[in-house]
Amino acid sequence: MTDKTALTPKTHTTPPAKFSHGVKKGNILQVAGQVGFLPAEEGKPPTPAGPTLREQTLQTLANVKAVLEEGGSGWDDAMMIRVYLTDVAHFAEFNEIYNAYFEEQGLTRPPAARTTVYVGLPAGLLVEIDALAVLG
């Protein structure tokens with residue numbers, strides 16, 4: 001039986017509850033929902049990248065990527081990406097940012113499947129993203 005390994009990149013703070021930023025078991029890697037917090041600074045609370053959807057989306061994607069890489073993976077291994085937006089009016093703008101980001105990543109495999117839902121997030125946060133990857 002393969003053990004399960006918790007993943008916490010150096011850029012991330014300890015989660016605020018009993019969960020891991022990512023978990024890897026065998027060739028499966030699940031990234032927990034990430035938000036647009038800037039890289040952790042010791043002694044400082046988590047800080048959003050900025051007030052705009054663009055700033056938060058790009059930082060959120062960077063945070064998901066950091067967990068993927070901590071587990072020996074990357075966007076090419078992503079099978080499913082789930083996006084949580086706080087406002088349906090952000091959908092078109094989010095897609096523009098998302099599409100441009102992945103074009104810049106130069107992926108060699110087909111893009112991951114994606115679901116987008118609308119939720120409430122803590123004050124000031126506009127987007128959360130999680131991912132499921134299968135390595136190899």
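**Helix α1 and the chain around it**

Modeller: In this predicted model, helix α1 is followed by Gly-72, a residue with a positive phi, near 80°.

Biologist: How many residues does α1 have, and what does it reach from its first C-alpha to its last?

Modeller: Helix α1 covers residues 53-70. At 1.5 Å a residue, a span of 26 Å is expected, and the helix comes close to that. It has 18 residues and reaches 25 Å.

Biologist: Is Glu-55 buried, partly exposed or exposed?

Modeller: Glu-55 lies in helix α1. Buried means under 20% relative accessible area and exposed means over 50%, with partly exposed in between. Glu-55 has 33% relative accessibility, so this residue counts as partly exposed.

Biologist: Which residues does Glu-55 touch, not counting those up to four places away in sequence?

Modeller: Contact here means heavy atoms within 4.5 Å. With residues up to four places away in sequence left out, the residues touched by Glu-55 are Ala-49 and Gly-50.

Biologist: What separates the C-alpha atoms of Glu-55 and Ile-97?

Modeller: Along the chain, Glu-55 and Ile-97 are 42 residues apart. In space, the separation between their C-alpha atoms is 9.7 Å.

Biologist: Which elements do the buried residues of α1 pack against?

Modeller: The buried residues of α1 include Leu-53, Leu-61, Val-64 and Val-67. Polar names such as Gln-56 and Asn-63 are also among them. The buried residues of the helix pack against β1 (4-7), β2 (22-25), β3 (28-34), β4 (78-85), α2 (91-105) and β6 (127-134).

Biologist: What pattern does the chain follow, read along the sequence?

Modeller: The secondary structure comes to two helices and six strands. Read along the sequence, these elements follow the pattern β-β-β-α-β-α-β-β.

Biologist: What radius of gyration does the chain have, set against that of a compact globule?

Modeller: The C-alpha trace spans about 45 × 40 × 25 Å along its principal axes. For 136 residues, a compact globule would have a radius of gyration near 14 Å. The chain agrees with this, because its own value is 14 Å.

Biologist: Among contacts between residues at least 6 apart in sequence, what percentage join residues at least 24 apart?

Modeller: Contacts between residues under 6 apart are left out of this count. Of the contacts that remain, those joining residues at least 24 apart make up 72%.

Biologist: How far apart are the mean positions of the positive and negative charges?

Modeller: The chain has 11 positive and 15 negative charges. The mean position of each set is taken, and the two are apart by 8 Å.

How values were computed. Residues are numbered from 1 along each chain as its sequence is written. This is a predicted model: local features need pLDDT of at least 70, side-chain atom pairs count only at pLDDT 80 or more; totals for chains, interfaces and linings use all residues. Side-chain values use heavy atoms; hydrogens and water are left out. Helices (H or I, at least four residues) and strands (E, at least two) are DSSP runs, numbered from the N terminus. Buried means under 20% relative accessible area, exposed over 50%, partly exposed in between (1.4 Å probe, protein chains only). The radius of gyration is taken over C-alpha atoms; the globule rule is 2.2 Å times the number of residues to the power 0.38. Lys and Arg count as positive and Asp and Glu as negative; His and the chain ends are not counted. The place of a charge is taken as NZ of Lys, CZ of Arg, CG of Asp or CD of Glu. The expected span of a helix is 1.5 Å times one less than its number of residues.
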